[in-house]
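Please walk me through this model in the viewer, one selection at a time. I would like to know what to select next and what is there.

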Amino acid sequence: MRKKIVAGNWKMNNDLGATRELLTDLKSRALPEGVEVIVTPTFTNLHSATEALSGSSIKVAAQNMHHSESGAYTGEISGTMLKSVGVNTVILGHSERRAYFGESNALLAEKVNAALAQGMTIIFCFGEELDDRKKGSHFDLVKSQLSEGLFHISESDWGKIVLAYEPVWAIGTGETASPEQAQEMHDFIRRTISEAYSDAVAQGVSILYGGSVKPNNAAEIFGKPDVDGGLIGGASLKAHDFMQIVNAFS
Ligand code: PGA
């Protein structure tokens, strides 16, 4: 049985004080059975987050990492550093990293290898831009993001992978893919994995949807058979909204 997961992508929001406040609020709330909850504070707040959440089942993930273990890479953070502060999960390939920081599929493949070498779990993000969808090339685009960034891994490595399909046109725009559009793409993703690996791998991987998921649309999106949860941006910054989304599985 694949996991149900709701991950909050905090992006470049919340200083130390705001991080502590939000985590204290989240920690005080009851979590539903059978849903894994993840938060992703900025690098400077990861250590205090893992400490603040000790004894809670809420997990802490990083928003990015470098593909080397150490060295002359000014301003970068490695997987070993993340692990040393209790972080064992990392988001890779978010569309903002791809668009603003030039992260290519080839670079992401290296980051994937580095995270796997550290035994870390990866939330691997991908998704088409509006232009791709208008041209009808969104399925091909998603397939190439997956095959170039991820499909070099071994079958056993899939136990460490969570996928997050995030159509770029739906991120932070208030425009959500319809539950049907999400389901259609998630089904396509599963079929693509099944062809490249096996049906067991395809059925075992959790596929999250991301892009303007809010308390008022989460239940409908999560109700689709191939949607296993969400990667939540804006709505993850408010404890009440985030917990409503966490509780949106029927
Ligand atoms: P959003 O962001 O929920 O604010 O659209 C989602 C994301 O970027 O992961």
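Select His138, Val142, Gln145, Leu146 and Gly149: these are the buried residues of helix 7. Viewed down the axis of helix 7, the buried residues fall within an arc of 95°, so they line one face of the helix. The model is a predicted one.

Now show the whole of helix 7, residues 138-149. Helix 7 has 12 residues and reaches 16 Å from its first C-alpha to its last, close to the 16 Å expected at 1.5 Å a residue. To see what covers the buried residues of helix 7, add the elements around them, including helix 4 (95-100), helix 5 (105-117) and strand 5 (121-126). Helix 6 (130-135), strand 6 and helix 8 (179-196) are also among the covering elements.

Next, hide the helices and keep the strands. A closed barrel of 8 strands runs in the order 1-2-3-4-5-6-7-8, and the pairing is parallel. From one strand to the next, the twist averages 25°. Strands of a sheet pair through backbone hydrogen bonds, either parallel or antiparallel.

To look at where strand 1 meets strand 8, select strand 1, residues 4-9, together with strand 8. Strand 1 and strand 8 pair in the parallel sense over 4 bridges. Pick Gly8 there: the bridge partner of Gly8 in strand 8 is Ile232.

Move on to strand 7, residues 206-210. How many of the residues of strand 7 are buried? The count is 5 of the 5, so strand 7 is largely enclosed by the rest of the structure. Colour Ser206, Leu208 and Gly210 together, as they point one way from strand 7, and give Ile207 and Tyr209, which point the other way, a second colour.

Then bring in the two strands that pair with strand 7. Strand 6, residues 161-165, is joined to strand 7 by 4 bridges, and the two run parallel. Within this pair, Ala164 stands opposite Leu208 of strand 7. Strand 8, residues 229-232, is joined to strand 7 by 2 bridges, again in parallel. Here Tyr209 stands opposite Gly230 of strand 8.

Go next to Thr42, in the loop between strand 2 (35-40) and helix 2. Is Thr42 buried or exposed? With a relative accessibility of 16%, Thr42 counts as buried; the cut-off for buried is under 20%. Not counting residues up to four places away in sequence, Thr42 touches Lys11, Met12, Asn13, Asn14 and Gln63. Draw a distance from Thr42 to Gln63: their C-alpha atoms are separated by 7.1 Å, although the two residues are 21 residues apart along the chain.

Step along to Thr50, which lies in helix 2 (residues 46-52). Thr50 counts as buried at 17% relative accessibility. Show its side chain, which reaches the backbone oxygen of His47 at 2.9 Å. Leaving aside neighbours within four places in sequence, Thr50 is in contact with Val60, Val85, Gly86 and Val87.

The last stop is Ser70, in the loop between strand 3 (59-62) and helix 3 (79-84). At 56% relative accessibility, Ser70 counts as exposed. Select Ala248 as well and draw the C-alpha to C-alpha distance: Ser70 and Ala248 are 41 Å apart in space and 178 residues apart in sequence.

Terms used
Residues are numbered from 1 along each chain as its sequence is written. This is a predicted model: local features need pLDDT of at least 70, side-chain atom pairs count only at pLDDT 80 or more; totals for chains, interfaces and linings use all residues. Side-chain values use heavy atoms; hydrogens and water are left out. Buried means under 20% relative accessible area, exposed over 50%, partly exposed in between (1.4 Å probe, protein chains only). Two strands pair if DSSP finds at least two bridges between them. A polar contact is a pair of N or O atoms within 3.5 Å; within protein, one must be able to donate a hydrogen and the other to accept it, and residues adjacent in sequence count only if both atoms are side-chain atoms. Contact means heavy atoms within 4.5 Å. The expected span of a helix is 1.5 Å times one less than its number of residues. The arc is that of the directions from the helix axis to the C-beta atoms. Axes are lines fitted to C-alpha atoms, for helices over the stretch in contact, and angles run from 0 to 180 degrees between N-to-C directions.
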